Amino acid sequence: MELLVAADDRTGAFESAAVLADHGTGPVAVTAWPRTSASERPIGVLDLGTRHLSPADAADRVDDLPDATFHAHKIDSTLRGNWPTELAARARTKPVLLVPSLPSLGRTCEGGVVLELGRPVHEGNAATDVRRAVRTSRPVEALLQAGQHDASEVTVRDGLDAWLASPHGVAVVDAVDDDEIDEIVARWTEHAADVVLAGTSAAVGAAAAVVAHDDDALDVPPVDGPVLVVCGSVHPASRRQIDFAERRGIPVSSIADDIAARQLQREGTLVIATEIPVGDVDEPMAVAAASALARGVHDIRRHVELGAIVILGGDTATAVIGDADVEVLGSLGPGEAWVDAAGFDAPIVTRSGGFGADHALVDLLDRLRRP
């Protein structure tokens, strides 16, 4: 494989594959740890499944990554997960260039601090993550806490070229727009065999430049049939989107049963969302909730011939899709991946639970329906 991209959860893996396909690579295979892709395509994405592991277990998986000519590592754009430990493990064998900006969603890195619409991410929704809250918006600080003491902050104009000429440790580079990210990644390509590129999907997509490609971007066909929306994410962004959709007349249920199936058949669209938990959420609780949601989805599939499934949240995507062989064909919008999964007759659209404005889900459903 020429380019191997690692991600820490399923929607992040699909998002990465989608932006690579958008850059003309053709469909991108996504596999779940510990399997590796059997695809003969030059690019593959591996879901490490490390978002909720212990830092030590996350580092172990990074140590066991398969070989590739070039490596990229996708991180969450609001700095959730074990990415500091994962990049520290990476840096033991190759220096890492980290580009943590995702301008399409208003997430930038300025002065070494990751911002969402101008506000440090640790002061926003990421600070209330029910399973692991984000405590700092400065990646270098998080890296130091993870034991990566060779970490520095650079910019396109100050320090990037010098660091690339003699790379070491982890360098965090500022970026405020997609043009700046493209410029950073273009400079990285000259050193790509010796430096791991880490960052959000914006940086990962630009990394497609290291692999020859000439395929067309995704042409999404209109969806014909009922659309089932599945949300196990408790991120406030997803929940606001569901509330907005319900106010617009889209039915919402917390139970995937025969009544829900009949309602979906009658209305054409239905949202199935887990109840918002009270108090702390531990790993067994989260797994049980996602598993119950997945069982409900499969029950509905037996009764309704679906036109599409929309999944919000990485844990939800893992539970619903499982370890099925998957190809991602491209993006419908920022963070929205069009997924073709073995065993599913209908296409699947996935998105992280933390993506999008209040109207984002309604907008997505409108795009799926548009002829």
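**Exercise 1. Arginine 351 and glutamate 336 are both buried; which bond joins them, and which strands hold them?**

*Solution.* Start with the term: buried is under 20% relative accessible area, exposed over 50%, partly exposed in between (1.4 Å probe, protein chains only). Next, look at the two side chains: arginine 351 and glutamate 336 form a salt bridge, with the closest N and O atoms 2.8 Å apart. That label needs a side-chain nitrogen of Lys or Arg within 4 Å of a carboxyl oxygen of Asp or Glu. Now place the partners: arginine 351 is in strand β18 (residues 348–351) and glutamate 336 in strand β17 (residues 336–341), so this link spans distant parts of the chain, 15 residues apart. Helices (H or I, at least four residues) and strands (E, at least two) are DSSP runs, numbered from the N terminus.

Before you go on: this is a predicted model, where local features need pLDDT of at least 70, side-chain atom pairs count only at pLDDT 80 or more, and totals for chains, interfaces and linings use all residues. Residues are numbered from 1 along each chain as its sequence is written, and side-chain values use heavy atoms, leaving out hydrogens and water.

**Exercise 2. Find the salt-bridge partner of arginine 10, and say why the pair ties together separate parts.**

*Solution.* First, the partner is aspartate 47, at 2.6 Å from N to O. Second, arginine 10 lies in helix α1 (residues 10–25) and aspartate 47 in strand β3 (residues 43–47), so the pair ties together parts 37 residues apart in sequence. Third, check the surroundings: arginine 10 is buried, with a relative accessible area of 5%, and aspartate 47 is buried too, at 3%.

**Exercise 3. Are arginine 157 and glutamate 180 buried or exposed, and how do they meet?**

*Solution.* Begin with the contact: arginine 157 makes a salt bridge with glutamate 180, and the closest N and O atoms are 3.7 Å apart. Arginine 157 sits in the loop between β9 (151–154) and α5 (160–165), while glutamate 180 belongs to helix α6 (residues 178–189), which puts these distant parts of the chain 23 residues apart. Then turn to the areas. Arginine 157 is exposed, with a relative accessible area of 74%, whereas glutamate 180 is buried at 13%.

**Exercise 4. How many salt bridges does the whole structure have, and which residues are linked in a network?**

*Solution.* The search of the whole structure gives 18 salt bridges. For the network, pick out Asp8, Asp9, Arg51, Asp76 and Arg80, which salt bridges link together.

**Exercise 5. Which strands pair with β11, and what covers its faces?**

*Solution.* Two strands pair if DSSP finds at least two bridges between them. Take strand β4 (residues 70–74): three bridges join it to β11, and the two run parallel. Here histidine 73 stands opposite alanine 198 in β11. Now take strand β5 (residues 96–99), which also pairs with β11 in the parallel sense, over four bridges. In this pairing leucine 97 stands opposite leucine 197. Finally, check the faces of β11 (residues 196–199): both are covered, with Val196 and Ala198 on one side and Leu197 and Gly199 on the other, all buried.

**Exercise 6. Describe the whole protein: what are its helices and strands, its box and its buried share?**

*Solution.* Count the elements and you get twelve helices and 18 strands. The C-alpha atoms fill a box of roughly 60 × 45 × 35 Å, taken along the principal axes. Of the 371 residues, 55% count as buried.
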